[in-house]
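Colleague: I should like to request a close look at a single part of this model, namely its aromatic pairs. Please describe their geometry and their surroundings in a connected account.

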Amino acid sequence: MLSGAAALLALLGRSAAAPPHIIFSLVDDLGSYNVGWRNANATSPNIDRLARGGTLLDFTDSDEQAAGAERHEETLARHGGPAAGEAAMVAAGGSTPTAAVLARLDDWDCAELFQCMPIDELAKVAEALFYRAGLVQSLGLSADSLRGFISGVAERYEDNPYHNFGHALCVFHGCFLALTMSRLKRYVSDLEAFALLIAALCHDVGHDGMSNAFHVNTLSPRALRYSDFSVQEMHHCEQMATLALCRGSNYAAGLSPQAQRDVRKLVIALILSTEMGAHMKSVSALSNLESDDFSTPEVKLLLLSATLQ
């Protein structure tokens, strides 16, 4: 069976041995793959650039990298550039780490700084990425509500060694690059891209550092609340949904009621797909997918789930 990353590469028309169009790490020992992190035992002859801390970006295909950058610039031009909001953040950042990151949002290596930045600065970077992706502009989102939601999410992440807001930004940034610098954007709408980024931001919110098995085996209040079903992932969805109901924190404000329901449904599906059992089913589905039609909801969900995972 192909790994999830290899299956997705094959699906998009490239062999597992060729430079990928979509940014993924290699499969780790548990069978999942996390955007931006490399397992020490995994190898590939095509990975020729590893950044400090294990982050990677296999863009050895310079033609595809240039094409991705060109598509990204077209998106910015179509929606009026990064927008005044991001420009103001850059100006306010001065010589801070945030300013350094904002100047390198299209560079995978800037993720090195995420684990060293305070939470409020990370929230500014997340907001800038939504602008840089052109989604605030194209979807007519409420900038104030989106900012309030990002701040609330940042506050709800616990201070864990791994499942913290810095980790969320690493995944979020990886999904942003996949959307702007690869062929993924050809197959998803702006609304679906927005759902992917919200899911990436919230995929571990409220994580207490324990596994689902721990909660189930100890009959913890969290396991009892969710009837042992995808305990942590259900909790992340609940944290995301309840925060969005708070005044000034509706991330989908500005969208039509139907679009808000569609985004919420997709965000929940994507977060739940990060559970290990669901992940393995996605890997199997990708490996066995034979259709070249990427427009169906089922295939789109597979693509978006694989990007997030």
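Modeller: Phe194 and Tyr251 are both buried. Please bear in mind that the model is predicted. The place to begin is the set of ring pairs, of which the structure holds five. In one of them, Phe149 and Tyr251, the ring centres are 4.8 Å apart and the planes meet at 55°; the pair is tilted because this angle lies neither under 30 degrees nor over 60. This pair links distant parts of the chain, the two residues being 102 residues apart. Phe149 belongs to helix α7, which covers residues 143-156, whereas Tyr251 sits in the loop between α12 (231-244) and α13 (257-272).

The accessibility of these two residues can be stated individually. Phe149 has a relative accessible area of 0% and is therefore buried. For Tyr251 the relative accessible area is 3%, so this residue is buried as well.

Tyr251 also takes part in an aromatic pair with Phe194, with 6.1 Å from centre to centre and 50° between the planes, and this pair is tilted. Here, too, distant parts of the chain are linked: Phe194 lies in helix α9 (residues 190-202), Tyr251 in the loop between α12 and α13, and 57 residues separate them. Taken together, ring pairs join Phe130, Phe149, Phe172, Phe194 and Tyr251 into a cluster.

Two members of that cluster lead to a helix packing. Phe149 is in α7, and Phe130 of α5 is among the residues that make the contact between α5 and α7. Helix α5 spans residues 119-132 and packs against α7 at an angle of about 140°, the axes being 9 Å apart. The two helices are therefore oblique to each other, as an angle counts as roughly antiparallel if it is over 145. Their crossing is right-handed. On the side of α5, the contact is made by Ile119, Ala123, Ala126, Glu127, Phe130 and Tyr131. On the side of α7, the residues are Ala143, Leu146, Arg147, Ile150 and Ala154. Sorted by class, this contact has nine nonpolar residues, two charged residues and no polar ones.

Helix α9, which holds Phe194, also contains Glu192. With a relative accessible area of 19%, Glu192 counts as buried, since the cut-off for that class is under 20%. Leaving aside residues up to four places away in sequence, Glu192 touches Tyr187, Leu266, Lys300 and Leu304.

The loop between α9 and α10 (212-217) is where Gly209 is found. Gly209 has a relative accessible area of 40% and is therefore partly exposed. Its contacts, again not counting residues up to four places away in sequence, are with Asn160 and His163. Gly209 and Asn160 are 49 residues apart in sequence, and their C-alpha atoms are 6.2 Å apart in space.

The chain as a whole provides the setting for these details. The chain has 15 helices and zero strands, and 54% of its 309 residues count as buried. Of the contacts between residues at least 6 apart in sequence, 69% join residues at least 24 apart.

Notes: Residues numbered from 1 in each chain as written. Predicted model: local features only at pLDDT ≥ 70, side-chain atom pairs only at ≥ 80, totals over all residues. Heavy atoms only, no water. Phe/Tyr/Trp six-rings, centres within 6.5 Å; stacked < 30°, edge-to-face > 60°. Helix = DSSP H or I, 4+ residues; strand = E, 2+ residues; numbered from the N terminus. Buried < 20%, exposed > 50% of the residue type's maximum accessible area, 1.4 Å probe, protein only. Axes fitted to C-alpha atoms, helices over the stretch in contact; angles between N-to-C directions. Parallel < 35°, antiparallel > 145°, perpendicular 65-115°, else oblique. Left-handed = near helix turned anticlockwise from the far one by under 90°. Contact = heavy atoms within 4.5 Å. Nonpolar A, V, L, I, M, F, W, Y, C, P; charged D, E, K, R; others polar.
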